[in-house]
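Colleague: I am new to this structure and would be grateful for a close look at one part of it. Could the account dwell on how a pair of helices pack together?

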Amino acid sequence: MAFAIEVPGEAAPLTPQQVYLALQSAGSSQQLSIQTGTQQLQTWETQRGYYPLLQAVYLDKSLPSEIRYLAIIQLKNGIDKYWRKTATNAIQPEEKAQMRSQLLDGGIKEVETNLALQNALVVAKVVRIDYPLDWPDVLTSLVKILRDANHTNQLHLRRGMLILLQVIKELSTARLRTSQTRLQSVTPEIVFLLNEIYTQKVAIWLGFFNGNGDDEGGAMDAMENSLFAIKILRRLLIAGYEYPNHSKDVQQLWEHSQHQFGQFLEMVSHEPPVLVSPAKDLVEKHLVQFSKLHAQMANSHPAAFALLPSSLDLVRAYWGLVAKFGQSYGSESQDFSSKARRDNTDKDERPVMEKLCLKGLNILRACLKMVFSPAQSFKYKSPEVKAEQQDAVALVKTELLTDELVGQVASVIVTKFFVFRQVDLEAWEEDEDEWEIREEGGGDTWEFEVRPCSEKLFMDLVINFKHLLVQPLLSFFQSVAGTNESTVVTKDAVYTAMGLSAPVVFQSFDFDTFLRSTLVNDVQQTGPGYKVLRRRIAILLGQWITIKVAEENRPLVYQIFQHLLKREDETNDHVVRITAARQFKAVCDDFSFDPDGFLPYAQDILHKLLQLMEEVSTEIRMPILDTIRAIAVRLEHRISQFADEIVSILPSLWESSGEEHLIKQAILTLMSTLVAAMKEQASRYHTMILPLIQRAVEPGSEMQVYLMEEALDLWLTILTQTPSPASPEVLALAECAFPLLEIGSDNLRNVLNIVDSYVLLAPEAMLNNTVRPRVFAYMTNLLGVSKRELAGLVTVIVENMIRAAEALGGSTGVIQVAKDLHESGFTEKIFEGLRDAWEAHQTTGPGRKYPKLDDVVETDYFTILARLTLADPSVLVTIMSSVGDAAEVWRWLSTEWFRHFDSMANIDRQKLSCLALTRLLELPPPMTPIILERLQDYFAMWTSVINEMIGGRDDGGDNLVWLADDGNEFEGPEDVRRRIHASSDPVHTLNTFNFVKERLGQVVAICGGEEAFQRDWAVNIDKDVIRSFQDLGTKRDDSAAFWQRQE
């Protein structure tokens, strides 16, 4: 049914019929109807009365289930957006009250499970926000519902527990102390009731299976309800008690859980089977819930776990289960042929024994963590609690983690769980790339897979029981050294242990001899299963290379990787070659990596890596690109001879990656590394790279979202490594920088660095009549930006533009730049800020004002004025005249400028301002007398700055005048440009003392000679100031320490 979309402002009060029609349209199979209905529902989201009507649609059981389901989903999404009081367009309080009154009833009586679940999720979200202030009785109401329904209506009981389960899930995620306390206050009552329900229901279905009664349906209902009860109980026991071991109810439940765990385990593992599905599945689910309770208690409340009744016996029982499971986990009679196959039905679903053993391994890890790496907390603990926790640690350490148990655990892990299962090998054969990705998954896979969890537990044991395990491990390693008697899977397990224990056993185990005598032989073996060993050898070398491999054995390691990457060898399937490619990154990243020693092998290994890149799926290309980049980083300039081959595959790689922007990011990063290493030699790749950068930084493009940062890094690297003069293509790309200056994103620093690099690389291009005004306009917008780093870059760019204008156009160029700065509003902003600072500094006492500029920004402002003045003093007069009367502006500006000298932290900036202000003495009358009004400030400034310049030397030199520097062989093109640029700066070429002396002499002459100058001007200067200045020319012994000098 078609209908027009209503806008909230125009709409009359909504009716159930309207909402029903919109939901019907949104759930239709026609695309246009879906779009129209969805749009209408979104329009109504902020309209009053919409959410109560959604609830009404859900509660109306006469409507189709699909419509009701869509209604409750919309309601659930709306709770997230609009239920909180602080939300924009929040749901009205009276509407909330109306909806809350029907939430529980609407869930209890719901027959359809999926609808009941969504309603339970809605209840949980509301409770999380409204409990206890706006809905204080919700948990009490739920308890009453469960108590009433327990003996009367099993559906109501199940639905009530479903709601309670979701509510407890939601409340247990709270991290605020008040929220946790509220949950803990109601936990005992709920636990008492659920324990009662659980006990009753378990008794019912156990009685049925023991032959007491024939109500199979009632027994299955009881199993469903007891499962719900234990799901809630295990969460309450963790989140509902601060110290679970202090509660009698918890102690009772804990003992009960252990008893029933053994009872249920016997039921599901009995031979011949006494249970069949679905009853067997439900009993297994009970077992999994018990194991989750035990594991969560060990991780969340380790001290309580240790002190609860029979917990250590429980851990030992779990270990017995694990050891028994290990007997069938790994077998030495593996079938490596691709013919071995099982039905796929049992591959996805792990057997319950595997799940229970995984929890057992996690519990053992938690016990080790409790003893050796306890979690630190700032929460206050009473002396009694601290003592209790220490007792728990001591109990676990002495009673549980005995030498015997530790030895057993390590032995079983290495001999059983490190061995590949048949199902692992079958998965390898089915999809090599997918298997390799899963095995290298990392992260939290150890929590969900037995083998990774065993590796973690083994590392914990080796690190914390080094004294106990090193010798047995060494004997174990020696058992396979130099022999061919061990099977492939046994050697794989031994090598796994050898790699994981490397940081502990390296001082006792001669890996270099083992590498030469055994690994070299093993890696050359061919035949069924040896690909497993080759993969493990690659990993083993990656683990040991950073710990202990002698320099003389490095070539041997490179040769092994060459062999493992060889496509022609049939034993090297994709898994072996991909693993070798991944692990070679560790070889390159090693601190002791010698690029010259690797050079003879570089071409072959890179060629094989690039070959492999073209064969594998997109997801696997990332680690291979990382390895190639690591090689490029370590080879530095030596990579140039191999770069053409690397770059040749990148265009096809870029195109084939499609929407996989991570690959494109990796390509751009690799190109940055190559360009940085090759310096000006990388210019030959510009025709390929520059269009990619242009597309990646284009505003509004999808690529900009994902590739901006990497593209800017590459662009900046290209500019720093491009020799002068730059090609037209590089210069044309500068146009793309201006739109990026408007965005003002996190990448603004890189964009400003790019602009600055362009100013140094091609000053003529950046100063032409079309580009120059745009640069200044953008710099004006960024002037005074809050981030210090960015503000400094803006200053540097404008400074360099002024210096470039002077170098290229002399005084005319500086005047033109000053004109542009004025027209763009740049100088106006500077004078506004400085005027505000001057006015603020005129105030004192309680009514004192504070300037808007901080000292660092004010230094930046004076630096720009100093650059213009040093280039041409008349420019400053022109700028001051544009602001107001030049004499008046000079008086307040000079007052602030001289005052600010003490706040200039950078001595280069001090000298720059000193030179600039001194050049103002060159101005002819009528400015001369106006300038000389500040003569005392001048003398004080000269004395201060010149003292800094001549301090520590007696040769009449200047500390900031640099000696000629010819650079070094490692410099890139921009390094050379910056060195020349810095060395030509007047700050580093002019002797301050001589510069001031010369200008002062000119002023004395203009004033009518020394006598007239003394009579008309010097007489007004403080004698101490004059004396300090005159002392600058006297010789003194600077070789003595300052406290020993004789004046």
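Modeller: The following account concerns one helix pair and the contact between its members.

The model is a predicted one, in which local features need pLDDT of at least 70 and side-chain atom pairs count only at pLDDT 80 or more, while totals for chains, interfaces and linings use all residues. Residues are numbered from 1 along each chain as its sequence is written, and side-chain values use heavy atoms, with hydrogens and water left out.

Two packed helices are described by the angle between their axes and the distance between the axes. The pair chosen is helix 7, residues 138-149, and helix 9, residues 177-209; helices are DSSP runs of H or I, at least four residues long, numbered from the N terminus. Their axes lie 11 Å apart, at an angle of about 15 degrees; axes are lines fitted to C-alpha atoms over the stretch in contact, and angles run from 0 to 180 degrees between N-to-C directions. Helix 7 is therefore roughly parallel to helix 9, a description used for angles under 35 degrees. The crossing of helix 7 past helix 9 is left-handed, meaning that the near helix is turned anticlockwise from the far one by less than a right angle.

From helix 7, Leu139, Val143, Leu146 and Arg147 make the contact, defined as heavy atoms within 4.5 Å. Helix 9 contributes Val186, Glu189, Ile190, Leu193, Leu194 and Ile197. By class, the contact of helix 7 with helix 9 has eight nonpolar, no polar and two charged residues; Ala, Val, Leu, Ile, Met, Phe, Trp, Tyr, Cys and Pro count as nonpolar, Asp, Glu, Lys and Arg as charged, and the others, Gly among them, as polar.

As for the wider setting, the protein is divided into domain 1 (8-173), domain 2 (217-330 + 351-375 + 383-401) and domain 3 (918-1033), with bounds from an automatic or database domain assignment.

Conventions. Helices (H or I, at least four residues) and strands (E, at least two) are DSSP runs, numbered from the N terminus. Angles under 35 degrees count as roughly parallel, over 145 as roughly antiparallel, 65 to 115 as roughly perpendicular and the rest as oblique.
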